[in-house]
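Subject: Structure handover and notes

Dear colleague,

I am handing over the structure we talked about, with the sequence alongside. Please open it first and keep it in view while you read the notes.

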Amino acid sequence: MFGLVLPFVFLAGLTLSLIALACGRRWVALTILMLSLALDIYAQCLPLRLHRIDKSATGNTISVLTLNVHGESPEFTNHEQEITDFILEQDADFVLITEYYMKFCSDTLHNRMLRAGYTSLRRSWDTGDALYSRFEGSQERLRLTRSSTGSVTSIKTSVHGTPLSIYYCHLASNNYDLAKRNYSTPDNIKDLEGLKFYLDRVSASAEVRRQEVDTLLKHAGVLSVPTPETKASAAPTPTPTMVIGDMNDVSGSPALNSLRRAGFTDAWWKGGFGYGATIHSPLPFRIDHILYNDGLRLRRLRKLDAPSRNGWSDHDALFAEFSIG
């Protein structure tokens, strides 16, 4: 739960440093600023272009788009054609769609993706996950703990002769349990007791997401933290691997920190600028992520706000392009 407040603590620190500077307390302002920057680097929540994309990267390129379409919303069902147009306009090699449920959605998006030349690598109506690709591949849904409400699927494919692994995720939500009960409604948090219960759920869900990520890392064979010794004894370039999707969690959280310690880089921290919130209600948070290992080199990254701006979804989309091979 602590990770949720880190971006706001960072912004509060910047504000306090400016106030201290305006009051003539230069050393106080500098101290607060340095502490705020250290917190930001630790949490990787608000990149200030300290990390640059490698524009000199060569080789074949692949692109990926991830979007939670909020498929149980009438706004999506009423605008499925428009959001499909938006997805196809990005021309990504891999498209991950979450919350695309049979109960609420039609086959419009799915059929148009197939007509556009995509292969359906995974489509699960019950979990609302769909992955479309311009390359053939195989998929395996990972077995998570009984308390998990999320899903993680491993995709094995080959891009221009280079093996590629993709783990696409829709990790456990703070708001819903296994029975799909929503604990974030005003009726459930209308008093202090309800609020405390919900905050306890947030902490418990953070631990579930960490366990889900640990399952992912165990499957990928990178559960332990890389060290200089293991890096030196390993292959010079690991199998290119991406972890993408709606993580329902923020940078600096236990789940995202586990991925970072295992050698995955947050594409937004590497190539984004600013907070980059992908969901805006009830508070702005960046909970959709694209992470990658050293087998890939980031070339381009964009946050696309058309879905939320047009009311098609409560999420924004992320698009990234990488060099591979």
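The notes below go from the overall make-up to the sheet, the helices, the cores and a few single residues.

Please bear in mind that this is a predicted model. Its secondary structure comes to 10 helices and 12 strands, and of the 325 residues in the protein, 50% are buried. Where contacts link residues at least 6 apart in sequence, 69% of them join residues that are at least 24 apart.

I began with an open sheet of six strands, which has mixed pairing and follows the order β3-β4-β2-β1-β12-β11. Its edge strands are β3 (119-124) and β11 (296-304), each of which pairs on one side only, and neighbouring strands in the sheet are turned against each other by 10 degrees on average, with direction ignored. At the β3 edge, β3 pairs with strand β4 (residues 129-133) in the antiparallel sense over five bridges, and in this pair serine 120 stands opposite tyrosine 132 of β4.

Helix α4 lies across four strands, namely β1 (60-68), β2 (94-98), β11 and β12, and it runs at about 160 degrees to β1. The same helix, residues 80-90, also packs with helix α5 (residues 108-115), at an angle of about 30 degrees and with the two axes 9 Å apart; the crossing of α4 past α5 is right-handed. On the α4 side the contact is made by Glu80, Gln81, Ile83, Thr84, Asp85, Ile87 and Leu88, which meet Thr108, Leu109, Arg112 and Met113 of α5. Sorted by class, this contact has five nonpolar, three polar and three charged residues.

Within α5, the residues Leu109, His110, Arg112 and Met113 are buried, and the buried residues of this helix pack against α3 (74-78), α4, β2, β3 and β4. Glycine 117 follows α5 and has a positive phi, near 100 degrees.

Turning to the nonpolar cores, the largest has 25 residues, and those with the most contacts inside it are Leu164, Met242 and Phe322. Strand β12 (residues 317-324) gives the largest share of this core, with four residues. A second, separate core has 22 residues, among them Val95, Met113, Tyr132 and Phe319. Phenylalanine 322 is worth a look in the viewer: leaving out residues up to four places away in sequence, it touches Asn60, Thr61, Ile62, Val64, Met242, Ile290, Tyr292, Leu296, Arg297, Leu298 and Arg299.

Another part to inspect is strand β7 (residues 162-170), where eight of the nine residues are buried, so that the strand is largely enclosed by the rest of the structure. Strand β6 (residues 151-159) pairs with β7 in the antiparallel sense over nine bridges, and here the bridge partner of serine 151 is histidine 170 in β7. These two strands form a hairpin with two residues between them, and histidine 160 in the turn has a positive phi of about 55 degrees. β7 is also joined by six bridges to strand β8 (residues 241-246), the two running parallel, and in that pairing serine 165 has threonine 241 of β8 as its bridge partner.

Finally, I looked at two loop residues. Is glutamine 44 buried or exposed? Glutamine 44 sits in the loop between α2 (26-43) and β1, and its relative accessible area is 14%, which lies under the 20% cut-off, so this residue counts as buried. Setting aside residues up to four places away in sequence, glutamine 44 touches Ser251, Arg260, Asp266, Trp269 and Arg286.

Valine 222, for its part, is in the loop between α6 (192-220) and α7 (228-233). Because its relative accessible area is 28%, valine 222 is classed as partly exposed. Apart from neighbours within four places in sequence, valine 222 is in contact with Leu217, Ala262 and Phe264. Valine 222 and arginine 261 are 39 residues apart in sequence, and their C-alpha atoms are 9.6 Å apart in space.

With kind regards

Note on methods. Residues numbered from 1 in each chain as written. Predicted model: local features only at pLDDT ≥ 70, side-chain atom pairs only at ≥ 80, totals over all residues. Heavy atoms only, no water. Axes fitted to C-alpha atoms, helices over the stretch in contact; angles between N-to-C directions. Left-handed = near helix turned anticlockwise from the far one by under 90°. Contact = heavy atoms within 4.5 Å. Nonpolar A, V, L, I, M, F, W, Y, C, P; charged D, E, K, R; others polar. Core = buried A, V, L, I, M, F, W, Y, C linked by side-chain atoms within 4.5 Å. Buried < 20%, exposed > 50% of the residue type's maximum accessible area, 1.4 Å probe, protein only. Pairing = 2+ DSSP bridges.
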